[in-house]
Amino acid sequence: MPSSLDSLNRWVDDVARLTEPAEIHWCNGSDGESRLLNERMLANGDLIALNAQTHPGCTLHRSSPTDVARVEHLTFICTQNRDDAGPNNNWMDPVDAHAKIDALFAGCMRGRTLYVIPYCMGPIDSPISRCGVEITDSPYVVANMRIMTRMGAAALTRIEREGKFVKGLHSTGELDPDKRFIMHFPEELTIKSIGSGYGGNALLGKKCHALRIGSWQARSEGWLAEHMLIVGIENPAGETRYIAAAFPSACGKTNLAMLIPPEGYRKAGWKVWTVGDDICWMTPGKDGRLWAINPEAGYFGVAPGTDTTTNPNALAMIQRDTIYTNVGVTADNQPWWEGLSEGEPVKDWRGREFDDAQGPAAHPNARFTVSARQCPSWSPMAEAADGVPISAIVFGGRRPSLVPLVFEAKDWAHGVLVGAAMGSETTAAATGAVGVLRRDSMAMKPFCGYNFADYFAHWLSFDQPGAKLPKIFHVNWFRKGSDGKFLWPGFGENLRVLEWILGRCEGTSDAVESPVGFVPGVNDLKLDGLALSAAARQELLEVDMHGWRAELADIARYLDSFGSRLPQRLKDEQRAIAAALESAVESTPVARRANGG
Ligand code: OXD
Ligand code: MN
């Protein structure tokens with residue numbers, strides 16, 4: 001009888017015939033294997049040892065300067081029918097795509113080792129988890145995948161049992177941006193990536209599997225694969241509620257997931273538990289609630305800006321056993337990045353003598369890779385096979401104007417519209433212009449493996465009789481005053497907003513109804529001890545009806561770009577809100593506040 005590993009073995013043989021490696025190594029994930037690989041990388045310069053006294057077990061990787069971020073223009077969804085990929089994706093015919101990329105893979109591993117990495121996304125015994133196998137010629141990828149996934153022997157055993165896995169083929173190739181492609185074949189549960197060693201392009205378990213292929217699998221199997229952190233908020237009564245929150249890349253998901261409560265909250269007994277900082281797989285449970293796991297086992301976080309004031313938990317967790325990518329170094333060989341208050345750089349991320357005329361010491365998208373368990377706020381529930389029940393879903397983006405600090409959608413369908421309409425200024429996590437406002441539905445624009453119109457329909461489909469769905473909210477930490485400065489202090493203080501959100505879920509927080517949703521009145525948020533002027537409080541919660549009218553018109557144009565596949569229900573939601581705004585504009589310019597605020 002053929003073993004269920006036969007198809008894996010056959011695929012590895014086929015890839016080896018195409019790529020012609022010098023040898024093949026099946027990764028078992030052991031400490032010995034990891035030590036050996038690290039020694040090899042330290043010897044050949046792929047990794048550089050950092051100060052062993054201050055940062056034991058930490059290493060630095062410098063990428064090619066042209067390979068420092070995701071490349072959305074070179075990322076393709078290759079479905080037989082172009083419309084299945086949708087206007088939100090670059091598309092290529094699967095036959096053409098295989099031919100094009102296989103020509104680049106031909107002979108690309110000559111003289112190199114081919115590593116076979118079996119991995120499991122999610123706790124190894126969770127029914128929500130899914131497995132994959134990545135083939136790569138990059139030992140740096142192996143080292144990162146060992147931290148970011150449950151990799152090795154246990155995953156292989158699960159693959160043998162299930163017989164089904166996502167196939168990912170990766171080679172750094174020539175690191176030539178003209179020979180770089182990240183291709184996804186969702187109908188074949190296959191990924192092929194060449195020409196980049198950068199995490200989001202090369203650690204195939206992350207964006208490629210857990211989001212692009214994962215979202216496709218999720219739709220066909222009835223669950224959700226989302227670009228969301230998962231955080232547990234424990235109140236002074238010892239009850240923990242879980243929130244899943246979607247923000248575009250580099251908008252502070254890691255900081256929010258690891259938030260340290262403000263002093264008053266800490267003293268009162270509030271605690272924050274980190275389940276995940278980037279990806280969330282949610283599935284309806286028997287009780288009608290959505291249950292979520294973090295499919296990852298580590299964090300691939302943005303280093304610049306991480307400091308004692310912004311994210312002390314992250315800073316503590318990356319003092320040991322961390323792979324740094326593209327940070328600067330100090331004279332005594334410690335990692336350094338902009339925003340770190342201690343130390344100063346002598347070398348920049350490219351290994352040159354640091355000279356601020358040449359740019360920052362760390363690349364703005366410099367990263368750390370670290371095991372989730374090293375985080376002081378790590379939640380043991382990250383290992384729970386059934387996941388955690390989600391009370392609230394939060395969407396957010398960088399919106400310097402218009403969008404209030406927080407508002408609540410009126411119901412699930414309105415919440416889906418709020419997520420679909422999400423906009424944010426672009427950041428350094430992908431190549432291209434930074435600071436440009438773009439719609440980024442559910443923060444999934446770069447990651448949804450199929451047509452957004454079908455994705456919105458899939459979201460709407462969860463609204464079934466008996467479902468106990470989370471409430472949906474939108475937050476904006478990034479609103480600026482007329483002086484161009486952020487109005488809201490952010491970071492730990494965001495817990496004040498999360499408290500209001502959870503209060504809304506429990507029915508204990510008040511709000512004012514506006515055409516765009518429920519907004520807290522100035523006295524509904526606990527703002528004591530914050531140096532926030534009355535004007536700033538007012539501005540943060542203001543709903544500018546004229547501005548929102550223009551926003552709704554822009555949202556309508558955006559939705560129209562999905563053509564006839566767009567669910568009618570979403571159009572109806574948009575029209576209902578636009579109509580409510582029209583009448584509000586006629587009667588009053590701003591929302592009425594509760595409590596006379
Ligand atoms: C990430 C990203 O690396 O979203 O998480 O780019
Ligand atoms: Mn991300």
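**View 1. About 170 Å³ of space lies in the largest cavity of this predicted model.** Welcome to the interior of the protein. How many residues line the largest cavity, and which of them lie nearest its centre? The lining has 16 residues, and F407, V418, A421, W548 and I555 are the ones nearest the centre. Two helices are good guides here: α12 (412–420) and α16 (545–560) each contribute at least two lining residues. With four residues, α16 gives the most to the lining. If you are scanning for enclosed space elsewhere, the count comes to two cavities of 30 Å³ or more.

**View 2. The manganese ion (ligand 2) is held by K207, H227 and D278.** Follow the donor atoms in this close-up: NZ of K207, NE2 of H227 and OD of D278 coordinate the manganese ion (ligand 2) at 2.2 Å. Along the chain, these donors follow the spacing K-x19-H-x50-D. K207 sits in helix α8 (residues 205–221), while H227 belongs to the loop between β12 (224–226) and β13, so the pair ties together parts that are 20 residues apart in sequence. Are these two donors buried or exposed? K207 counts as buried because its relative accessibility is 6%, under the 20% cut-off. H227, at 1% relative accessibility, counts as buried too.

**View 3. N235 sits in the loop between two strands.** The strands on either side of this loop are β13 (228–234) and β14 (240–246). What does the side chain of N235 reach? Its partner is the backbone nitrogen of A237, at 2.9 Å. Leaving aside residues up to four places away in sequence, N235 touches G269 and W270. With a relative accessible area of 19%, N235 is buried, because the cut-off for that class is under 20%.

**View 4. Three strands make an open antiparallel sheet.** Read across the sheet, the order is β21-β20-β22. The edge strands are β21 (335–336) and β22 (345–347), each pairing on one side only. Strand β20 (residues 328–330) is joined to β21 by two bridges, and these strands run antiparallel. To find this pairing at the residue level, look for G328, whose bridge partner in β21 is W336.

Technical notes
Residues are numbered from 1 along each chain as its sequence is written. Chains are lettered from A and ligands numbered from 1 in the order in which they are written. This is a predicted model: local features need pLDDT of at least 70, side-chain atom pairs count only at pLDDT 80 or more; totals for chains, interfaces and linings use all residues. Side-chain values use heavy atoms; hydrogens and water are left out. Buried means under 20% relative accessible area, exposed over 50%, partly exposed in between (1.4 Å probe, protein chains only). A polar contact is a pair of N or O atoms within 3.5 Å; within protein, one must be able to donate a hydrogen and the other to accept it, and residues adjacent in sequence count only if both atoms are side-chain atoms. Contact means heavy atoms within 4.5 Å. Donors are N, O and S atoms within 2.8 Å of the metal (3.2 Å for Na, K and Ca); water is not among the atoms, so sites may look incomplete. Two strands pair if DSSP finds at least two bridges between them. On a 1 Å grid over the protein atoms alone, a cavity is a set of points where a 1.4 Å probe fits but cannot get out, and a pocket is an open set with protein on both sides within 12 Å along at least five of seven lines; lining residues have an atom within 4 Å of a point. Grid points are joined across faces, edges and corners, and a volume is the space filled by probe spheres set on the points.
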